[in-house]
Amino acid sequence: MAARIQLPGEARRGEVIRVGILIQHPMETGYRLEVDGRKVPKNVIRSFACRYNGVEVFRAEMSPGIAANPFLQFHTVALDSGELEFSWVDDAGARGSAREAIKVG
Amino acid sequence: MRRRSFLIALSGLAFGARAADPLLDPVTKGAPVTRGRVKLEMPLLADNGNSVSMRVSVESPMSEADHVRAIHLISERNPEARMASFHLGPRAGSAEITSRVRLAGSQRVVALAEMSDGSFWMDSANVVVTLSACVDELGG
């Protein structure tokens with residue numbers, strides 16, 4: 001599960017920064033059929049979390065109501081230099097993660 | 001006796017419908033919901049229900065004492081009414097979230113914000129979907 005992250009590389013201390021993530025995932029609704037008529041099992045990213053230097057700053061619980069290749073954009077206050085860690089898990093139990101460094105001056 | 005219990009049940013039903021929204025009850029547990037402070041932005045017309053842009057923002061200082069605890073997105077017609085729940089806190093700085101949703105047909109979408117003081121605020125958007133996300137394939 002590849003992901004693309006949008007994050008300013010540098011920020012002022014106390015600045016509210018915008019964080020974006022696009023995760024490659026089909027978000028199968030469970031209503032789609034294969035060519036041979038078999039039902040494609042439901043498989044969506046159920047939970048997603050973003051930790052800033054180990055502290056959770058954002059969490060999302062999702063359903064098939066979120067479009068395929070989920071895109072999420074949220075905010076966080078730039079406190080210290082360090083790392084933002086993103087992690088998610090889908091219905092099939094597959095886990096994904098990504099991390100991005102941030103420099104706070 | 002049977003008729004009386006039926007009438008009681010009926011009046012309860014009528015009262016319940018007036019007092020709360022069955023769509024929001026699973027989240028609010030019957031707590032009052034006020035319209036305002038929340039802004040849900042979605043297109044009026046979506047060509048394709050598989051991917052509809054959505055932006056929700058809540059007016060809040062996002063301080064330790066007064067912040068948005070969660071924002072819930074609720075659909076009127078999707079098979080799963082709770083589309084997503086976003087959990088935030090004072091570390092978010094700003095209660096604004098952008099994403100893309102799936103809509104199984106034209107409907108009203110509700111954004112429900114849960115504040116740190118326990119109060120609920122909401123906004124809704126009506127979206128007309130020309131081609132809905134495929135849920136009809138299996139007959140509903």
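Student: In what order do the elements of chain B run from the N terminus on?

Tutor: In this predicted model, the elements of chain B, read from the N terminus on, run α-α-β-β-β-β-β-β-β-β-β, which amounts to two helices and nine strands. Chain A, by contrast with that listing, has zero helices and eight strands, and the C-alpha atoms of chain A fill a box of roughly 55 × 20 × 20 Å along the principal axes.

Student: A list of elements does not tell me how strands are arranged in space, so what is the order of the strands in the open sheet of six strands?

Tutor: To read a sheet, one follows it from strand to paired strand. Here the order is β1(A)-β3(A)-β6(A)-β7(B)-β4(B)-β2(B), with antiparallel pairing. The edges are held by β1 (3-6) of chain A and β2 (38-41) of chain B, each of which has a single partner strand, so one side of each is left without a neighbour in the sheet. Neighbouring strands of this sheet are turned by 15° against each other on average, direction ignored.

Student: Which residues can I use to check the register on the chain A side, for example which residue is the bridge partner of Ala3(A) in β3(A)?

Tutor: Register is read from the bridge partners. Between β1(A) and strand β3 (residues 16-23) of chain A there are four bridges in the antiparallel sense, and the partner of Ala3(A) in β3(A) is Ile23(A). Moving on along the sheet, β3(A) pairs with strand β6 (residues 71-77) of chain A over seven bridges, again antiparallel, and there Leu22(A) has Phe71(A) as its bridge partner in β6(A).

Student: And over how many bridges do β4 and β7 of chain B pair?

Tutor: Strand β4 (residues 52-58) and strand β7 (residues 96-101), both of chain B, pair in the antiparallel sense over six bridges, and a useful pair to locate is Ser53(B) with its bridge partner Arg100(B) in β7(B).

Student: Turning to the interface, how many residues of chain B are in contact with chain A?

Tutor: An interface can be read by counting residues on each side, then asking which elements and which residue classes supply them. In this case 27 residues of chain B are in contact with 26 residues of chain A. The elements giving two or more residues to the chain B side are β6 (82-87) and β7 of chain B, and by class that side has 10 nonpolar, 10 polar and seven charged residues. There is strand pairing across the chains as well, since strand β5 (residues 55-62) of chain A is joined to β6(B) by four bridges and the two run antiparallel, with Ala60(A) standing opposite Phe86(B) in β6(B).

Student: Finally, which residues touch the most other members of the largest nonpolar core?

Tutor: In soluble globular proteins, nonpolar side chains tend to be buried together. The largest nonpolar core here has 54 residues, of which Val38(B), Ile71(B), Val101(B), Leu103(B), Ala111(B) and Ala113(B) touch the most other members. Strand β8 (residues 107-115) of chain B gives the most to this core, with five residues. Leaving aside residues up to four places away in sequence, Ala111(B) touches Val38(B), Leu40(B), Val56(B), Ile71(B), Leu73(B), Met122(B) and Asp123(B).

Student: What percentage of the residues of chain B count as buried?

Tutor: Of the 140 residues of chain B, 34% count as buried, while for the 105 residues of chain A the value is 30%.

Terms used
Residues are numbered from 1 along each chain as its sequence is written. Chains are lettered from A and ligands numbered from 1 in the order in which they are written. This is a predicted model: local features need pLDDT of at least 70, side-chain atom pairs count only at pLDDT 80 or more; totals for chains, interfaces and linings use all residues. Two strands pair if DSSP finds at least two bridges between them. Axes are lines fitted to C-alpha atoms, for helices over the stretch in contact, and angles run from 0 to 180 degrees between N-to-C directions. A residue is buried if 20 or more other C-beta atoms lie within 10 Å of its own, exposed if 12 or fewer, and partly exposed in between; C-beta atoms are placed from the backbone. Two residues are in contact if their C-beta atoms, placed from the backbone, lie within 7 Å. Ala, Val, Leu, Ile, Met, Phe, Trp, Tyr, Cys and Pro count as nonpolar, Asp, Glu, Lys and Arg as charged, and the others, Gly among them, as polar. A nonpolar core is a set of buried Ala, Val, Leu, Ile, Met, Phe, Trp, Tyr and Cys residues joined through C-beta atoms within 7 Å.
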